[in-house]
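Biologist: I should like a close look at one part of this model, the open sheet, and then at what else can be described around it.

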Amino acid sequence: MDKLLLIDDEADVQYSFRRIFDSPELELHTASSGEEGLRLIPKIKPDLILSDIRMAGLNGLETLRRIRQLDPKLPVILMTAYGTTQTAIEAMKLGAYDYLLKPFDVPKLKALVTSALKAARDMRQAVALQPMLESEDYEAGVIGRSESMQAIFKLIGQVAATDATALITGESGTGKELVARAIYHYSRRSERPFLAINCAAIPENLLESELFGHEKGSFTGATQLRIGKFEQCDKGTIFLDEIGDMTSTTQTKILRVLQNGTFERVGGGESIKVDVRVIAATNKPLEEAVKAKQFREDLFYRLNVVRIQLPPLRERRDDIRLLVDYFLRKLAGPGGKPKSLGQVTLAALEAYHWPGNVRELENVLRRATVVAKGSAILPSDLPTEVLSAIQTDKPATAAASGTSGPATVAVAHSASAAQPMDIPGIARQLFRFARGDSKLRVLPAVERELIIEALKETKGNQVQAAKLLGITRATLRKRVEKFGIRQELAVH
Ligand SMILES: Nc1ncnc2c1ncn2[C@@H]1O[C@H](COP(=O)(O)OP(=O)(O)OP(=O)(O)O)[C@@H](O)[C@H]1O
Ligand SMILES: [Mg+2]
């Protein structure tokens, strides 16, 4: 649950906040003065503070200054009915998360609170690399023991120790944002702010001003001077997500800020210097955008100093079991008992090609946890596309209870028709089944089935069948005899 502390001396404002933020996920505390607010902070440990500026005693700016001494990362939104440019600038320079004018535009206030709470969470929840699954803290961890993930952990460690710009690439849902946060938490800037900006979510023409701020009157709608994220995040870390989507002016400005730490506000002449560490991410092939002249080549090379390329989940299937374990524990919550999984369910999860990567796996498990009636997640609790990654000749539930007879596993290609054949994945499924059937000798059983298939395919032509199987005709003949295949295949 997120905790919000409102500091405002007006009872009316406190009342309307109670109504606006009446939600089971939020705990609202109120204070009527800056002094009271400061006293409450260590007790409540709020995730976000909203403070009025004009108050008797300590005003909002002074309160903010003292909050900053207590905690340089706690987001604070300042509010006032008497907006002047000067206080807005001062508030932002003191490290306010944002600045809001009364009376509130409620949807805007809510959106701002949501984004400030996300920023608070990003900064607070340390991201552990390979956390111990037995430990109680499942808030955030980068999970993976596969070789490709080991290499990534090493890179994160190396880059975290420096101030170098890092570029994180990978398909959607592979953990780019998670890795960006891990770098931040392991870096020497971890005590300073971290701000994530999704470049694709902000209209192109507004992104430049969002990042670098603007002077009053610099464009229609720029009614006040605005401090941008780079200025606000001085000494901190900025995460530029979806970096592929920006205009060439914004690209040029980012290049300059990376090269010498300076920029100008939109419509401004003054050169402003900042010390900001940049981490960027994209799921688009930037190399291609460079070739197509949509992305500046020099910016690309500047960002690409350290490149962290996250593998798609289907290329590290060994980690699926571990991730499943992690998510089920996380979904059970502290003290809760994680749901269990049968062999077939796990086999399906391991066989599916996961176009949405780890995010999709997490969502499938979240849904399955809700849908599952008992303490175990059954194959029928999985979406059909996941389930159809494996198909058995017996109803899935029977196979799960270990009562399915001989392991005649057929791998359906429908879900992964465009994928190359995943032999390790198929082998893994076979093993799952074999483990549930102590009498089964999996290798001869598979060999036998493959030979029968090849002979059927070639209508009993042993020369062609041997070729299909990649063995010599002599070997094939020996196997055919060994397995006693001839009789049952009725060779012509
Ligand atoms: N290795 C991992 N271990 C544990 N959780 C992970 C891992 N990778 C991703 N996740 C989780 O999967 C979800 C998606 O990750 P994230 O948002 O970092 O992906 P992304 O690469 O930024 O995706 P997109 O390109 O769509 O923005 C998050 O909930 C994240 O915590
Ligand atoms: Mg992302």
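In what order do the strands of the open sheet lie, and is their pairing parallel or antiparallel?

Modeller: This is a predicted model, in which local features need pLDDT of at least 70, side-chain atom pairs count only at pLDDT 80 or more, and totals for chains, interfaces and linings use all residues. Residues are numbered from 1 along each chain as its sequence is written, while chains are lettered from A and ligands numbered from 1 in the order in which they are written.

The open sheet has five strands in the order β9-β10-β13-β8-β14, and their pairing is parallel. Helices (H or I, at least four residues) and strands (E, at least two) are DSSP runs numbered from the N terminus, and two strands pair if DSSP finds at least two bridges between them. The sheet is bounded by β9 (194–198) and β14 (306–309), edge strands that each pair on one side only. From one strand to the next, the twist averages 20 degrees. At the β9 edge, five bridges connect β9 to the parallel strand β10 (residues 237–241); there, F194 has T237 of β10 as its bridge partner.

We turn next to the ligand. Ligand 1 is surrounded by 16 residues (C-beta atom, placed from the backbone, within 6 Å), of which I143, S172, G175, K176 and E177 come nearest. Two or more residues of this shell are given by each of β7 (141–142), α7 (176–186) and α15. The shell comprises four nonpolar, eight polar and four charged residues (Ala, Val, Leu, Ile, Met, Phe, Trp, Tyr, Cys and Pro count as nonpolar, Asp, Glu, Lys and Arg as charged, and the others, Gly among them, as polar).

Helix α15, which contributes to that shell, also packs against another helix. The axes of α13 (residues 320–332) and α15 (residues 357–371) lie 10 Å apart, at an angle of about 50 degrees (axes are lines fitted to C-alpha atoms, for helices over the stretch in contact, and angles run from 0 to 180 degrees between N-to-C directions). The two helices, α13 and α15, are therefore oblique to each other (under 35 degrees is roughly parallel, over 145 roughly antiparallel, 65 to 115 roughly perpendicular and the rest oblique). In their contact (C-beta atoms, placed from the backbone, within 7 Å), L323, V324, F327, L328 and L331 of α13 meet V358, L361, E362, L365, R366 and T369 of α15. By class, eight of these residues are nonpolar, one is polar and two are charged.

Note on methods:
Two residues are in contact if their C-beta atoms, placed from the backbone, lie within 7 Å.
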